Amino acid sequence: MIEIVNVSKWFGKFQVLDKVNETIRRSQVVVICGPSGSGKSTLLKTLNGLEEFQEGDVIIDGISLKDPNTNLNKLRQKIGMVFQRFELYPHMTAVQNITLAPLKVKKMGKEEADQKAMALLERVGIADQANKYPGNLSGGQQQRVAIARALAMEPDIMLFDEPTSALDPEMIKEVLDVMINLAKSGMTMIVVTHEMGFAKEVADEIIFMDQGRIIERGTDKSFFENPKTDRARDFLNKILL
Amino acid sequence: MLAYEFRWSVLWELPYAVWMLEGIWTTIRLGLISWVFALLLGIIVGTCRVTPYRPLRLIATAYTEFFRDIPLLVQLFFWYFAAPRILPTSVELYLYREVPQAEFWITVIALSIYTSSRVAEQIRSGMQSISQDQFNAALSTGLTHFQMYRYVTIPLAIRIMIPPLTTEFLTIFKNTSLAMTVGVLETTFMSQQIEAYTFRGLEATTGACIVYLIITMMVVSGMGLLEKKLAVPGLIARGR
Amino acid sequence: MGGFDFKVIVDNFSFLMSGLLTTFQLAIIAISGGLILGILLGMARLSSRPYVYYPATVFVNFLRSLPLILVIFWFYFLVPILAGRPLGDFLSASIAFIVFEATYFAEIIRAGIQSIPKGQMQAAYSTALNYRQMMGYVVVPQAMKNMIPSLLTQSVIIFQDTSLAYVIGLKEFLRSGSIVDSREVRSLEIYAFLGVVYFLICFTMSTLSKRWERKKGSLR
């Protein structure tokens, strides 16, 4: 349902993405890994239009991002995103963070929005923090609220940009658990991460990127046990101590 | 429609052009001289604002607050009209009659003191933005306090402070225009002098505007070059 | 030299106070008008449309390189020409101040909005909010907390700037003091009095604003 066709992107003279091609089917969980600067976050952000690209196209459920007639806002209702630094709105409580978009974009009634928000908070395990401000929440809690916020618009696809990189080690598990449950419920997920444990458990496919290109693809077993390329092997050696 | 005859030639006719040039030269002199004094005073007061020695700190804080909360024009009038009254009459007369261009130097005093209080603030905030750990790192390698200030703190602080100090430098040039009220023959004064003779106020004032615009552009590009030469990568965030 | 004689202040007190009133009136008009125009200019400076961005940028940068005195003179000459007849110094001073100070407010507003991290914008967009919703619910509320101290400081500066209307003869506080001085020549007492009054007002305003800042604290 997501087709990435020959996408290339330059920042000035520097090429960030180089003819990237990939197809992602419904309910697939894809993990993208690679060294910093390899373009993985940028690629993720091209999928919901947060980053533009000069060449190629991204087609989601038949809708092309290059098409000037495409309504980007409408498309974004189908795609949720979770950021490395959580990016919760600091001036709103957890519940308000979650209900903002449903209220203003889907024009949901306030009671309905609040109920759905509470249900989502339960699902990610922090219903008791509903009325707290992000400043009073731990990193792990904030990220779980961020996941709930992304799920509030009932998306078909969830994008995760290094969701645990900014977390203290003891909080990584609580966030990964939420993500694993989400994967098992059949959500289509594209996750940029270094957490290979997560990848081994739920990923259907692992993509290794370097310098803007997809160097290697594989199912988790084949990738971890027998990386085909040297660069992938180097990378895995460095992160799997 | 507009019952006004424009006569832009007042800007380059003699003697008006000569007046303007004299005015521009006075503006430049006034600005540069005041800036030198303002910097010296400002660095002293600013450093006092951050010493651990409490009495100095309080005096410096009072100085800064006082001169920032009174309009510059009021301060100028005080130095020009009021302060000489404290002096014995003979000194006062000497000041007004014998000293050439007394009003120029009185403006330098007023402008320097006012600007120094603002410079002191910039210095203070520049110094405070250098983290304590920098000091610790320097001291832990065996440098004395003095060496640390000379080789680490002050060079770093200067680079951080160049953008806000550039703003102050520009401001002092703009503030020289206040000297016209006490009869200093600088740019703004001259433009109004031309107006008095030719009744072409709009043209004369526009001419003066262009002068200040050129001064500003020159200072900004000059400071930009200075910043590039001294730049420390990653220290001053740039970008839109 | 003679001794201090504050009788001159007492005798002319009501005259001086009427000057102070004019100062307050001019300041209030300058601050409110400047703020409104400044918001428009600030938003224009953030626009991605070149025909909005470039004129606004040129305008703001041009005015910020000029001394206020000159801008006051310029409008003093321009306004009667446009209107066809003299319109009074308070009016041309008001217009000059509003236009001039708006450029300073515009920069404060632009900087305040740009200080909000890009990630907030991206997070809002990723939940399908549009530009207006993102600005209105996410960016501006956060930016306000950053902007208000600078806006208050600028207002204190405007209050002091009103003294420059002296040059076109407007009878604000400084001018009234100077008129009394030319009549009575008790310069020391008069200018000391002016200085003290300005100081008390401005110091109070900036102390109150610092206290407000500390109370509200910061979000991040």
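How much area is buried between chain C and chain B, and what share of it do carbon and sulfur atoms give? In this predicted model, the area buried between the two chains is about 3,400 Å², and carbon and sulfur atoms account for 75% of that value. The contact is made by 37 residues of chain C and 35 residues of chain B, and, of the two pairs of chains in contact, chains B and C are the pair that shares the most contacts. One salt bridge is found across the interface of chain C and chain B; in this salt bridge Lys210(C) is paired with Glu65(B), with the closest N and O atoms 3.5 Å apart.

The interface of chain A and chain C buries about 1,800 Å², with 62% of this area on carbon and sulfur atoms. Tyr89(A), Pro90(A) and His91(A) together supply 28% of the area that chain A buries against chain C, which is more than any other three residues. In terms of contacts, 21 residues of chain A meet 18 residues of chain C, and zero salt bridges are found across the interface of these two chains. Chain A and chain B, by contrast, do not touch, their nearest C-alpha atoms being 15 Å apart.

Over all chains, the structure holds 21 salt bridges. One of these is formed within chain A by Asp161(A) and Lys45(A), whose closest N and O atoms are 3.9 Å apart. This pair links distant parts of the chain, given that Asp161(A) lies in strand β7 (residues 157-161) of chain A and Lys45(A) in helix α1 (residues 40-47) of chain A, 116 residues apart.

Chain B comprises nine helices and zero strands, so that its elements, from the N terminus on, run α-α-α-α-α-α-α-α-α. Taken along the principal axes, the C-alpha atoms of chain B fill a box of roughly 75 × 55 × 30 Å. Chain C likewise has nine helices and zero strands, and its pattern along the sequence is α-α-α-α-α-α-α-α-α. The C-alpha trace of chain C spans about 75 × 50 × 25 Å along its principal axes.

Within chain B, the packing of helices was examined for three pairs drawn from α1(B), α7(B), α8(B) and α9(B). Helix α7 (residues 145-175) of chain B packs against helix α9 (residues 201-230) of chain B at an angle of about 165°, and the axes of the two helices are 10 Å apart. As this angle is over 145 degrees, α7(B) and α9(B) are therefore roughly antiparallel to each other, and their crossing is right-handed. On the side of α7(B), the contact involves Arg159(B), Ile162(B), Pro163(B), Thr166(B), Phe169(B), Leu170(B) and Phe173(B), which meet residues of α9(B) including Tyr212(B), Ile215(B), Val219(B), Met223(B) and Leu230(B). By class, the residues of this contact of α7(B) with α9(B) divide into twelve nonpolar, two polar and two charged.

Helix α1 (residues 16-50) of chain B packs against helix α8 (residues 187-198) of chain B at an angle of about 160°, with the axes 7 Å apart. The two helices α1(B) and α8(B) are therefore roughly antiparallel to each other, and α1(B) passes α8(B) in a right-handed crossing. Among the residues of α1(B) that take part are Tyr16(B), Trp19(B), Met20(B) and Glu22(B), while α8(B) contributes residues including Met190(B), Ile194(B) and Tyr197(B). The contact of α1(B) with α8(B) has seven nonpolar, six polar and one charged residues.

Helix α1(B) also packs against α7(B), at an angle of about 135° and with the axes 9 Å apart. The helices α1(B) and α7(B) are therefore oblique to each other, and the crossing in which α1(B) passes α7(B) is right-handed. In this contact Thr27(B), Ile28(B), Gly31(B), Leu32(B), Ser34(B), Trp35(B) and Ala38(B) of α1(B) meet Leu165(B), Glu168(B), Phe169(B), Ile172(B) and Phe173(B) of α7(B). The residues of the contact of α1(B) with α7(B) divide into eight nonpolar, three polar and one charged. Thr27(B) of α1(B) also takes part in the contact with α8(B), and Phe169(B) and Phe173(B) of α7(B) also take part in the contact with α9(B).

Notes:
Residues are numbered from 1 along each chain as its sequence is written. Chains are lettered from A and ligands numbered from 1 in the order in which they are written. This is a predicted model: local features need pLDDT of at least 70, side-chain atom pairs count only at pLDDT 80 or more; totals for chains, interfaces and linings use all residues. Side-chain values use heavy atoms; hydrogens and water are left out. Axes are lines fitted to C-alpha atoms, for helices over the stretch in contact, and angles run from 0 to 180 degrees between N-to-C directions. Helices (H or I, at least four residues) and strands (E, at least two) are DSSP runs, numbered from the N terminus. Angles under 35 degrees count as roughly parallel, over 145 as roughly antiparallel, 65 to 115 as roughly perpendicular and the rest as oblique. A crossing is left-handed if the near helix is turned anticlockwise from the far one by less than a right angle, and right-handed if clockwise. Contact means heavy atoms within 4.5 Å. Ala, Val, Leu, Ile, Met, Phe, Trp, Tyr, Cys and Pro count as nonpolar, Asp, Glu, Lys and Arg as charged, and the others, Gly among them, as polar. Buried area is the accessible area (1.4 Å probe) that two parts lose on being put together, summed over both. A salt bridge is a side-chain nitrogen of Lys or Arg within 4 Å of a carboxyl oxygen of Asp or Glu.
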